Each structure stands twice: as C-alpha cells, then as structure tokens.
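The exercises below are meant to be worked with the sequence and the model open side by side. Each one sets a task and then follows it with a solution in steps.

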Amino acid sequence: MLNRILLGGLTACAIALPAAAQEAYLVGLTAALTGPPASTYAPAVDALRIYIDRVNAAGGVNGKQIKLVIEDDGAQPSKAAANTKKLITQDNVVLMVNASLSSTYAPVIAESKSANVPLLFASGVCPQSVYPPADPLQFCTTGYASQFDSRATLDFVKATAKGPIKMGFSAMAIPLSRGEMDYAMELSKKMDIEPIDQEVIPPPTADYTPFATKLKDAGPNWVYSWAPWVTQVRTLEALRKLGWQDNYIAWGHLEAEAELARLKDGKFYVINSNALFQEKQPIHKEIEAAASKAGSKFPAQTMTEGWIGGMAIEAALKGAGWPADPAKLRAAMENLKIDTKGLRGGPIEWTKDNHFRTRLYYRVYKWDGDKIALVQDWKTYEVK
Amino acid sequence: MTAALLQVDKIEVVYKRVITAVQGVTLSVGERQIVAILGTNGAGKTTTLRAISGFLGIDDARISEGSITFKSTRIDNELPHRITGRGIVLVPEREKVFPNLTVAENLAAPVPRAARSGQGRRLDERAYHFFPRLAELRSRTAGLLSGGERQMLAIGAALMCGPQLLLVDELSLGLAPVVIQDLTRRLRSIRDELGIGILLVEQSAAAALEIADYAYVMENGRVVLDGDRERLKSHQDVQEFYLGQAAGERRSYRDIKQYRRSRRWYG
Amino acid sequence: MFRPPPRASGYLHTNYGEDLSLFRTRTERVSLAIFLVIVASFPFLASPFALDLACQVFLASIGALSLMLLTGYAGQISLGHAGLIAAGAFTTGILAREIAAPFWITLPASALTGIVLGFVFGLPSLRLRGLYLAVSTLALHFVVIYLGGEYETKRGFSTGIVIDPPSLAGFKLGGRGWYFVLFVAAVASLLICINLLRSRSGRAWGAIRVRETVAEALGINVARYKLLAFVISSSMTSVAGCLFAYYRGFVSVEAFDLFLSIQYVAMIIIGGIGSLLGALLGAMFVTVFPYLIEALLRLLPNAQKLAGDIFAVNYAAFGVVMILFLAFEPLGLVGIWRRLQNYFLLWPFRYKPLAGARK
Amino acid sequence: MSWSRLGRLTLRAPSTTSRFQLARTIRLQLAVNILVLGSIYALIACGYVLIYRVSRVLNLAHGELMMLGAYLVLATASLFNGHPGIALAAAILLSLLTGAIVYIFLMRKMTGEMVLAAILTTVALGILVRGIVILIWSAQQQYPAQALDVSNPSLVLFGGARISMWSAVLVATTIAVYGALFIFLRFGRWGMRMRAAGQNPLLAAQRGINLHGVYALAWSLSTLTGALAGILMALDSGLTSSMPVIGLKAFPAALVGGLDSFAGALVGGLIVAGAEVLLIYYVDPLLSDVVPFLALIAMLIVRPWGVFGTREDLDRV
C-alpha cells in the first residue's frame, strides 16, 4: 500500500539499477494495463513478468538473460499498433506477445506479419488463426478458446442435468462474446437442449436487474454465460436477487477462485481449463511464493495464465538456442511441447499446422458447503 | 461638515487598461446625510458608484489612482462582498431583484451585516415597515412586480444587509413622477429613522434636489460643480441644463441654433 | 481571425499578387526552405518508430485543423469528432471489404459521408448553442459508434475489419511513402483552412463566433455559414479517418471511443484556440506527450517492477498537464510562441508592446 | 409484438400461479426495475444539476468523483473495520471535502474562462482522478460490501416483485436527498442564496453573498450526492474502475429534465430509466446502451431546455 502511495507522489527513487546485460533475448509485450478491461489482463502481465524475473535470477536461458519490454495499450487498437511497431523496429524484439483485448489483435498481427516476428497470445482469447490450419506466425497458450468451450460446457450440462433442459444465455455486447453465444445456441439445438433466451448486455450498465428479469421470465432451468467475468457474475447476482435458484454455468476467468469463495452459491458451476489454487499442487505453492516475494498487488490465484505464458516463452527461447532470430524461434515453436506441471490437464503441444494445442482439458468446479469442490475432473477434447 | 462617513478623493478609473472613464473625482458623504450626484448619460456617475461598491472588476476596470476611505479604512479595489460586509450596499440600476424568487425570499437571501450580531429577525420588519406594499406581495415571485414595486423591493433587500451607507443608482429610471415622489419621501424617512448616509445617483435633478443635502454635478468623468441644495438650485446653468427652466421667454428654434450658451462652470 | 505572423514594419506591397502571397518577406521564405529540408530529410534519418510517430502527428493535425476551423473560428463546440473519424474509417473499411474498392473511390466516398454527417451534426447547431450543441454532437458520436458496432458484429468481423494498404498501379505504400503522403495531406488541409479563413466565409465565421445576433444583423446568413463550417470540418475529418484506416490497415469500433474526441478538443485548447498554428502545435503535443511521459518514467530505476502503475501515472499526468494549460496558459502553446516572437521581434527594445494591442 | 411475447411466457408458466397473477408480477417487477434504475440516474443527475444551476459549469468529472466516493469506502472500511456505519459516514464526509477542495484549488480559477475551457477542465480532472484511483486501488474488481461485511439479501415485495436491500436503500436515499434538497433550497437561507447566485451572480454579490462560498457549497453537495450514488451502487453490485461511464449515461437524464431544475432531474431520470427498462424487456437489450442518448437527441430537438428547465438559460449559454 505504502509503495503505491510513494509512486503516487512521483518522488524520484534513489539509485539506478545497472543497465541489463547487453547480450539478452528481447521479448516485446503489448498489454491492456489501463482502461476498462485492465482487471483481466494486468494480473496475467504481472505473472509473466515475475516468471521471467525468476528465470533470469536462475541464470536465464542458454546462459542469456531474457529482457521483457512491456508497453501499455489501454486496450486501444491504435496504441497497440504503435507499440508493436516500436517494439519490433526500435527494440528489435525476437518474439512479440499480446496480452490485450481482442480488438487489438488485427493491428498487432499486421505489424508482426510485416516484420515476420512470431506472435504469442498469452491471456487474451485465442484468435481463429491459431487453430489448424494455423497461421505460421501466430501461437496461443490462453486457456479459453471460442467454440470448444461451448461444446465442453454443453456436454457437461447434458451429462449432469436430469430431465429436459431449457437454457438461457448471457453475453456481453462485444462481438466476440455475442458470436460465441450465437454458436452455443446453434449447438444446443443439435443436442436437443432448448435455447429459450439470449441476453446481450452492454458493458457500461448501472443495473443488471432489467436483463435478469427478462432472462428469468423466459423460465430457464440452466443459464450459460461466456463473457468477461464482470458480466457473468453480475448477471448471476441479479438472477439470484430476483429469486431464480436454478443452475448457472460460466467460464472460469482468473477471478473465478476468489469469487466462488465470495458467492458461496451451491448451483454456480465454473468450467475452466486451469486448475484452481486450492488444490495446493507444488506448482501452486511455487507461484504463491514467487508472487509474495515480488510484492505483486495481485493475488497468486490470478496468475495461472501469465505463468503458462512465461513457461511457453522460456521453452521457445530454450529451443531456439543462441543467438536467436525470429525465424529460428518460429521453427522451434512449431513443434514445442510445454509441460504445464499440473496447471492444466496436460502439456500444450504445438505442431506445424496447429498452433493452439492438440488436446484440450476441461474441469468443472462448484462451491460445495464450505469449500470449492471438483465436479468433473479433466475431460479431454481433441483439436482437429 | 459632519464627520465624513465616506471620503473619495481624486479617484481615476481606467477600463481595460486603456480608457479612462472617471478622473479626479472627489466627494464625501457624512453621517445621516443624503448626497446626490447629477449628470447626463455617460458622465461617469455609475462608474463612480461601482468604484465605491467594488464592482469594477467584472468589466475589466480598475481604480488606477486616488483612494476611497470608509470610516477611515481604505476599501478601493476590495472584494465586493467584503465591502457590503462593511456596510456599503448598492441598489443597482437594472436587474435589481431575483426574478424567480418570491418577495419574501428576495428579502431573506441577502447576508445581513447585523446577522453577525444576531438581530436577523428585526430586519424583516424594517423592510415591511418602510414599504408596507411589500408585505401584501410577500409570496409573489419578484419577476411579476411592477417597476415601482421592484424598486421598493430592491431598496428593502438592500436594507436587509444592515447598511450604514446606501448607494442608490438611478432611482427614477422608468418610473412615473408620482412614484418617484413617493420613493424619495420614503428614502428621506429611512435616512431619518435609521440614521444612515445615502448617496443618490440621479438623472432627474428635480427629484434628487428635493431631498439631497449636498449635491455634485458630473460631466465627462469630472466633477464640475458642487454645493448644498440652495446653491445648486439657484445656479443659472443648473436651472437651464438640469432643471429645464429656460431663462426669460420662449425663444424660437432659429435663435437657439445660432447662439448656444456656453457653460460657465468654473465660476 | 487569421493573423499573419508578426513582422517588423516597412514591408510594402505594390500588387495584389504580393499582398495575397503567404510568404512575403525574405526571412519567411528562408525559414520555409529550411523547414522543407528538415521535413524531407527526416524519414531517412529517423528510426521507424519516430517515423510512425510523425505520421500520427500528420493524421492528428488534419483532424485538429478541421476542429479548429469549427470550434476555434466558427465557435461551434463539437465533442463528436471521434464519431466523424470513425465514419470515415468505416466507410473505407466497408467499401474496401464489400466491393474491394480502390482508394480513389473510398477517399471521395468518405469525404461524401463526412459531408452528409456534417450536415446532420450541423442541424442542431441552428437551434442550440454552446453547451447544448456540444451535448448533441456527443449524442451523435454514440449513435455512429453504435451503428459501427452493429455492422461489425452482423458481418462477423469481431476483431475489426482488416484492409490492405492502398496501391496505385501496383506500387504499395511503404513506411516512408506514408510519411510523404500524410505530409502532403496535412499541408493541403492547412492551405484549405488558411484560404477559407481569408475568404468571406472565414470572416462570417469570425463574426458568428463573437456574437451571432450581430452577425445576423450584418446580413450574414448565420444558418448557411454554420452548416458550411460543420460540413467542411466533417468532410476533412472523415478524410482523415479514411487515411487513418488505410495507414493502420484495420478498422474497429473500439479505436474511436470518447477519449479520442477529448484528445482532439485538448489539442485545440492546449495548442491555443483561435489559431491554425495552435492546432498544429496542439496535435504535435498531444500525440507525442504519452510517449514522452513513458520515456521519462522509464528512467525511474525500478521502472520494471512498477510496470503496472507507470501507465496509470501516464494517464493522470495527461490530466494534470491539461489542467495546467487550461488554468495558467489560456492562450496555449501559441501564446507562448507569440510571446517568444514578440520578444525577438522587439529584441533591442525591452519594452513590452501595449498588452491590449496583441490579444 | 409484446402481446405475443407475453402469451408465450404464460403458456409455459408453472400451473400453480394463475396466468393473471404471473402477468401482474412481471409488471410489478418491471415497475420496481424502473424505480431502481430511475433513482440511480436521478441521484447522479442531481449532481450535474447542483453545479450547473449555480455556476453554469457542466461537471463531466462527476462519474469519476462518484467512483472516488465508492473507493473511499474501501479505504475507510480498512480504517474502521468493525463498524460499517462509521466507515460509510467517514467516506461521505471525505467526498464532501473533495468537492470543496476541487472547487477551491481548481474550478475557482476557471470561473472567468469560456464554457469550453471550463468543461475541458472537468474532463481533465476526471482523467486525473481515474489515474489516481487505478494507481492506488488497481483496476481489479472490488467489493465494498465484503470489506464492510454487510450482506445484501433480496427482499420480496408485495405481489412477488423482488428488490435487493441496497437497491431499496438507494431508492430511499434518492427520495431523502431530493426531499432534503427541496427543503434546503426552498427554506434554508443558504439554499436561497444558492438559487440567487444561480440566477444573477452580480446582484448576489451586491447583496453580500460570497459567490465563492456558494460555488464551493454547490460542488461539495454535488460530490456528496455523487458519492452516495457510487457507494450504494458499489455495495449492491461491486465496484470496478469503469464506473464513470455510468455517470455519463446518467447525463442525458439530467438534460432531458432540464439542466437547472431538480424536479427535471428526477423526472428525467425516471423517463430515461423507464425507456431503457421497457426497451430491454420488450424490444432488444442492445438498445439500452443507446437509448439515453436517443432520448437526449429527441429532447434537444423538441425542447432543448428540457422538461422543466428555464428557457432563457438557452440563450445565455
């Protein structure tokens, strides 16, 4: 807290750290650290930075340090484009990383393609172009992927629900979320789930009750929401306030673990591709230790995406050897196997034409009595 | 000369750092004395009044020379609401009431100087005492009042500030003569009962000289003549140019056109 | 009105040609030559990032000039500038995507959209003034953004419309190519503004800005000139939007939020309301300022650790600078520049010219 | 259109409640939604009106100041963690102070400037406040209700309509604030002076009213009501750094009602909220984002000075 106020007062710090060693891998990152969506991207960037600092502390990769150059684009496409151009041309980074809103993808892709520098999506949703047949320069480690998540969710609902299913949908009024909800409605018809209502909620909404009223009156016994966390949780709370007590399933963003504990709602399912921290696996303790040592203001539970991003960068740079140029790096990344040490259901494997992953693993959690319970263990889906 | 309540000596007011509106004006108002300033349009009357009440700032004007002292404390170029706090209250020329507030609210709004000494309640009666007509109009919105009633309300509201010196700007503007008579009579009774000084700025010299103990005549930003009521009334130029009594019989237009009497002020 | 730069006395002109020319004295022609040399050599010396920044400055100055024309000279406050840029960008995006129109169709098309929208944005100005007009342009901004968002989702471009750079007979515009194209566009819009302000409509706008009722009394058709101001300013802005779309290579609704409108209004205020030079200086300042702050803060030793906070500080610093300019330097950068010029113009004479004379 | 929707709903309603009774609950629930959203917009709108009415300045930083009030609750909650009452009171007092400070150190300098410069100063202030809030509290989703450990149960009103406790408190607060403002402006001396200063600043100064005092009072009252709205909304549904946008959505409500009348702000809030809720329910939820501004454009064309605003203001602006 004091540290923040100190900086808030803009007092100059005393000593300057020695400049980083000349010889280092240069990795550029453009991220939405300010602006409305910052709450979902800032923790991931912090995790990525802590991971890279830890790797550097342990001697770096192939004996060389990794210099991570972070630029904020405030989720603004024009700023993201300028940042990417600066990182590629001025800092001549060998690898570009994007941890920002999907609206910044197009300019970043355009800039890195013109300089053919490989581009890794670390905490934003994976664009279509990483699925097979993948674009040679784009890779993605983010947990959630459009269309696959809905298929896994509807499979889970079909498996657990007893009797006929009437499903409502809740999306945020951004093209990505609406597109996913439309796909889910089409898919549910094929699985004889009756889609009865879709609520599209504009981001700046003072009160979610009017939307929840409409959703509740449609009389669903299941509601599925795939959108930024604030829309998912606010719709649920509004529905509960209106006395709707049925099942609600949403995607598990990085805030999920803390929110499940806060809401303590027995019928609120969270489907996720990352393991939650309450399982206390060795990797989780490792992340918690690193986060507290680095004094990050974000809780360790929100750091899985960033950590996996760090692992991917480290593995890619190790594969490319030294000195690494974009072409060697891209070749190394094309058949990379990243061991997620339990953070995910299995390793992330990239092949020549599948830059997303060959297998997807989904888990479902729910609050049960006094702790978060695992409802469905890793379920695998092949990515064709 | 009774002890000077307000002493203005040789003030000069400059607008926008370029135009000198008033030069070398000296006047003084004693305790319980009614002083009038006569003059045509643009003679600098309102500027002088604004200089005294501190409202020059708004149209980018400033007192560049001279000083204004009120009960031996200098108040030139001081914040307007602080001058009112000392007891100098201005009854402005136009826009003299809050149109959307009722009469009672117009009287309650001002910040009475006396409030600091706690006799707020008594002030209300004072306004209604001098202007009983206002008591009947208590709940009517001020915007709907007639010209005369507005002037009464303006003076009443000024009294609410517990003034020691009342500056009245153009009392007679747009009012019927009988109303002016009534208002001037009330002004004198206010002066007698409350013992406050009044500085009256007027274009109709007749009404002003009715009640003024002392008067000044201003032209082109300078005081050209001053004296007590008798002296001014008997002065030939004041009669001709301000009171409209032409000397001798009526003359045809042609004569006047050729020979225009020049003013011998400095006699 | 459009004030020529201050110059010493003694320059007399004998014919209209000389009188109308923009660069009359020898010193001005020399300084123009030097300026052109610098501008021409800049792309070859500067790093690509500085080149990109320069292109952004040219784009911003077209928008700032048109807003200065509308708000600085015609006195019509408009908070809907981002909406107009979005309109230009979306026209280009839609035409390029739907019918793969080349740039010499999309450019005039976006100018046309600008004219139509200028007319629509301008209609309220006939009834409203000042604050209420600003609010009506703000409302129209939201409507344009809503329509853009609808188009994007209905046609499935969820991450924005990607368009490839314009090509004339196969010649693709590279980095430096863009620099010169945008420089020419900025100079063209500057000339348009200068000549407009020296013409009858310029004088009419000046009158409307000072006092509408008096302008009406002087026989100026206030409605016509207000709409003219809106139409010209909007068409220039949407052309800037079209160039923006081509330069960035994509169009998405998130790029044109309210903050962009505020940045443009900040440009003309910080630059100095009421002078074209102000618009240019303002555009340069507001575009370069965030990167300046970032570079400055990066010097802080533990910059890396506080990465997340630096950008909030950047955001707050922009607010502080705007407040400082508004509160302490109402004349803006141009005020400072004019004072500097006066100082050197009267260099031997310490005495400051009559303050009233040079407003 | 709406009939078919209603018909489809009732067919599938559980058989126990009669068709008539269910339709009544829906209508009641819609009325409650309109009431809650209307009082949110009205409480925010009265902040705009308070400042505009007295000093003719439109405070576009109202959304950010509202958010600052909510974040202050987080700070005071950690200071007085144990008794939420004191924490809330402290936060409200702090925001009152912020309003006065903002006026004295910033807006006082801008009184003489032109309209655009004053508006832009408030925008710059908004950017500054947003930067500081993100700096100190980060952009994460925060929950003041959790910090004050107060719960937010859902209350069942007559006829089956439901409302959350804090929304009910918000509606009550709005009514209380408007009542207090009405009495203060109608009968309080300082209230009358505020109205007087709003109508004719020059004459007010001549009557000894200290204009700076009145403007500071207006600004602090405005941040007080803004903070109330921010705090209650945050307690009801959590707090993120994107709350100022809601302040902007409440702005059309103030303008539809007429920028210088409180009755207008109240009615404007209800009109905009009603339009939004009914459109969401019967037409298309996506419109709720654009509805306030469409209502604004319609009002600006028909009656620019709003339902209750005074006409002459328009020319003087």
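**Exercise 1. A pairing in chain A**

Which residue of β13(A) is the bridge partner of A:Asn272?

Solution. Bear in mind throughout that this is a predicted model. Begin with the two strands: β10 of chain A covers residues 268-272, and 4 bridges join this strand to β13(A), the two running antiparallel. Then follow A:Asn272 across to β13(A), where its bridge partner is A:Arg363.

**Exercise 2. The sheet as a whole**

Task: place the strands of the open sheet of chain A in order, and explain what sets its edge strands apart.

Solution. First, write down the order, which for the 7 strands of this open sheet in chain A is β7-β6-β8-β9-β10-β13-β14, with mixed pairing. Next, look at the ends of that order: β7 and β14 (371-382) of chain A each have a single partner strand, so one side of each is left without a neighbour in the sheet. Finally, note the twist, which averages 20° from one strand to the next.

**Exercise 3. Strand β6 and its surroundings**

Task: describe how β6(A) is paired, and decide whether this strand is largely enclosed or not.

Solution. Take β7(A) as the first neighbour: residues 194-201 form this strand, which runs parallel to β6(A) and is joined to it by 7 bridges. One residue pair to locate here is A:Lys166 with its bridge partner A:Glu194 in β7(A). Then turn to β8(A), residues 222-225, which also runs parallel to β6(A) and is joined to it by 4 bridges; the partner of A:Met167 in β8(A) is A:Trp222. As a third step, trace the chain through helix α6 of chain A (residues 175-190), which together with β6(A) and β7(A) makes a right-handed β-α-β unit. For the last part, count burial, where a residue is buried if 20 or more other C-beta atoms lie within 10 Å of its own. In β6(A), residues 166-172, 6 of the 7 residues are buried, so the strand is largely enclosed by the rest of the structure.

**Exercise 4. Helices on the sheet**

Task: find which strands α5(A) lies across and which strands α8(A) touches.

Solution. Helix α5 of chain A, residues 148-160, lies across β8, β9 (247-251), β10, β13 and β14 of chain A, and runs at about 120° to β14(A). Helix α8 of chain A, residues 229-241, packs on the sheet and touches β6, β7, β8, β9 and β10 of chain A, its direction making about 155° with that of β8(A).

**Exercise 5. Domain contacts in chains A and D**

Task: for chain A and then for chain D, identify what domain 1 offers to domain 2.

Solution. In chain A, the domain assignment gives domain 1 as 21-144 + 281-360 and domain 2 as 148-274 + 362-382. Their centres, taken over C-alpha atoms, are separated by 29 Å, and 19 residues of domain 1 of chain A are in contact with 20 residues of domain 2 of chain A. On the domain 1 side, the elements giving two or more residues are α2 (38-57), α11 (304-320) and β13 (359-368) of chain A, and α2(A) gives the most, with 3 residues. By class, that side has 9 nonpolar, 7 polar and 3 charged residues.

In chain D, the assignment gives domain 1 (38-151 + 158-239) and domain 2 (248-317), with 20 Å between their centres, taken over C-alpha atoms. The contact takes 15 residues from domain 1 of chain D and 18 residues from domain 2 of chain D. Here α2 (19-55) and α7 (165-187) of chain D are the elements that give two or more residues to the domain 1 side, the largest share, 11 residues, coming from α2(D). That side of domain 1 of chain D has 11 nonpolar, 3 polar and 1 charged residues.

Conventions: Residues numbered from 1 in each chain as written. Chains lettered and ligands numbered in written order. Predicted model: local features only at pLDDT ≥ 70, side-chain atom pairs only at ≥ 80, totals over all residues. Domains from an automatic or database assignment. Contact = placed C-beta atoms within 7 Å. Nonpolar A, V, L, I, M, F, W, Y, C, P; charged D, E, K, R; others polar. Buried ≥ 20, exposed ≤ 12 C-beta atoms within 10 Å, placed from the backbone. Pairing = 2+ DSSP bridges. Right-handed = clockwise from strand over helix to strand, strands pointing away. Axes fitted to C-alpha atoms, helices over the stretch in contact; angles between N-to-C directions.
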